[in-house]
Amino acid sequence: MKREIMLLCGASALFAAGCLVGRNDDQVGNEALARSAPRAQDSLPRGRTAAPIIDGVYPASYFPNTEILGADEMRITALGTGMPNQTRAAVSISYLVELGNGDKFIFDAGSGMLANLFSLRPDFSKIDKVFASHLHVDHVGDFMALHIASWLSGRYTPIHVYGPTGATPELGIKAFVNAMQKGYAWDINTRTGALPDAGGQIEVHEFPFMQENVIVYRLNGVTIRSWPAIHSLDGAVSYSLEWNGLKYVFGGDTYPNKWYMKYAAGADVASHECFLPPKALAEYFGWDLSQATYVSTRIHSEPAAFGKVMSTLKPRMAVGYHSVLSPENTAAIMDGVRATYDGPLTLCRDLMVINVTKEDIVVRMAVVDEYVLPPDVTDAYKKAPRSDDKSPSAKVLAGKWKGYTPPPMPKKPGN
Ligand SMILES: [Zn+2]
Ligand SMILES: [Zn+2]
């Protein structure tokens, strides 16, 4: 059964799998009902309960929060697999990795990923670690949106951001985050006090982009390492995450490189960009063929290059992404990949879910509601220290219209 599910990711069946993504408009009425009903304690709509997977038999589709992740299992969910020019079907790059020990990691936070993350209704108190491959907007464009939204929805501790240096200090992750905090000073000030103080903090962990397979994170049995990638400028990297004998590699954007071939070895799931081939790219953007060839085969990795990498690496599952999978583009990508690689392959699209155990790798689509409720927050979030609320100055408040009187303020909990 699982073999068949993997084959769903082949060219012709890919769009059949895509039909499983539930963006169903008659769920609107259900959401309205749910909003007026008492909230469930487990963040699930009434009628759904979380259950373990028995004997490795998975439902055909993944319904968020309905499956108890096995203690030795990894779940990788694509939150964005497309281009800077987003479509509703494919936003910019991001992956969520969840582990059986309860840890959650975000790899890249490209623009548009937040709605897909929110549609999974995760426990945002655990969404506090982001690893950036490089500072293109299609990889970090939603970072501040993620920071603010997770702070609003349950995160009461600092968010940790890991990323590389650049060729000069102003081109590194630290400078990027500092600039974001300055740019959003007004926003952050309005929320500080109303929301838990610590949740507004960002802790940056900058590491040298040229380091080779060096540990950037180690906690709770999880080890994450980085190595250089070749992409646009100095300061792009790839990551591996190892836990419990499983290895996931997040390639980021890169030309095929010797470090990836060396340090991604032994990956259970190896992801690597698989860009549009030159001709398809030229047609997609309306570029001339020489510009498209340069971008597809010098800045990025065309499908035939991706296939060559994977045919040497031989992961248990090769994951290609960073394209818009229109029927024409998918056919062009598959032709390129299959010219050089005949192993297990997932051309990843948004909200594709990959469950990984030592025995098997199962690829499915998530079914999500168009109108999700925010996930429940924990008591710890409700009780986390908050400084005083901010407000406009007296001269602005003096402009309040006397024709409206707000209701009296209820007592704050605990007062
Ligand atoms: Zn890039
Ligand atoms: Zn990119």
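Reader: Which residue in strand 13 is the bridge partner of Val 249?

Author: A quick heads-up: this is a predicted model, where local features need pLDDT of at least 70, side-chain atom pairs count only at pLDDT 80 or more, and totals for chains, interfaces and linings use all residues. Residues are numbered from 1 along each chain as its sequence is written, while chains are lettered from A and ligands numbered from 1 in the order in which they are written. Strand 12 and strand 13 run parallel, joined by two bridges (two strands pair if DSSP finds at least two bridges between them). Opposite Val 249, the partner in strand 13 is Ala 270.

Reader: How many helices and strands are there in the protein?

Author: Helices are DSSP runs of H or I with at least four residues, strands are runs of E with at least two, and both are numbered from the N terminus. On that count, the protein has 15 helices and 17 strands.

Reader: Which helix makes a β-α-β unit with strand 12 and strand 13?

Author: The unit is right-handed: with the strands pointing away from the viewer, the path from the first strand over the helix to the second runs clockwise. The helix in it spans residues 258-263 and is helix 9.

Reader: How many residues of strand 12 are buried?

Author: A residue is buried if 20 or more other C-beta atoms, placed from the backbone, lie within 10 Å of its own, exposed if 12 or fewer, and partly exposed in between. Leu 246, Tyr 248 and Phe 250 point one way, Lys 247 and Val 249 the other, and all of them are buried. Side chains alternate between the two faces of the sheet in a regular strand. Strand 12 is largely enclosed by the rest of the structure, because its buried residues number five of five.

Reader: What stands opposite Lys 247 in strand 12?

Author: Look across to strand 11 (residues 237-243), which runs antiparallel to strand 12 and is joined to it by five bridges. The two strands form a hairpin with two residues between them, and Asn 244 in the turn has a positive phi of about 55°. The residue opposite Lys 247 is Glu 242.

Reader: What is the order of strands in the open sheet of seven strands?

Author: The pairing in this sheet is mixed. Strand 14 is in it, pairing in the parallel sense with strand 13 over five bridges, and with strand 15 over three. Altogether the order is 9-10-11-12-13-14-15.

Reader: Which strands stand at the edges of that sheet, each with a single partner strand?

Author: The order was 9-10-11-12-13-14-15. Each edge strand has one partner, so one side of each is left without a neighbour in the sheet. They are strand 9 and strand 15.

Reader: Strand 14 has five residues; how many are buried?

Author: Met 317, Val 319 and Tyr 321 point one way, with Ala 318 and Gly 320 pointing the other. Both sets are buried, and the strand is mostly covered. The number is five of five.

Reader: What stands opposite Tyr 321 in strand 14?

Author: Over in strand 13, Ala 270 stands opposite Ala 318. As for Tyr 321, the residue opposite is Glu 273.

Reader: Through which helix does the chain cross from strand 14 to strand 15?

Author: Val 319 in strand 14 has Thr 346 as its bridge partner in strand 15. The β-α-β crossover between these strands is right-handed, and its helix (residues 327-338) is helix 13.

Reader: Which helix lies across strand 13 and strand 14?

Author: This helix covers residues 303-313 and runs at about 160° to strand 13. For such angles, axes are lines fitted to C-alpha atoms, for helices over the stretch in contact, and the angles run from 0 to 180 degrees between N-to-C directions; residues are in contact if their C-beta atoms, placed from the backbone, lie within 7 Å. The helix is helix 12.

Reader: At what angle do the axes of helix 10 and helix 11 cross?

Author: Leu 281 and Ala 282 are among the helix 10 residues that meet helix 11, where Leu 289 and Ala 292 are among the partners. Under 35 degrees counts as roughly parallel, over 145 as roughly antiparallel, 65 to 115 as roughly perpendicular and the rest as oblique; these two helices are therefore oblique to each other. Their axes come within 8 Å and cross at roughly 120°.

Reader: Which are the edge strands of the open sheet of eight strands, 8-7-6-5-4-3-16-17?

Author: This sheet also has mixed pairing. Its edge strands pair on one side only, and they are strand 8 and strand 17.

Note on methods. Two residues are in contact if their C-beta atoms, placed from the backbone, lie within 7 Å.
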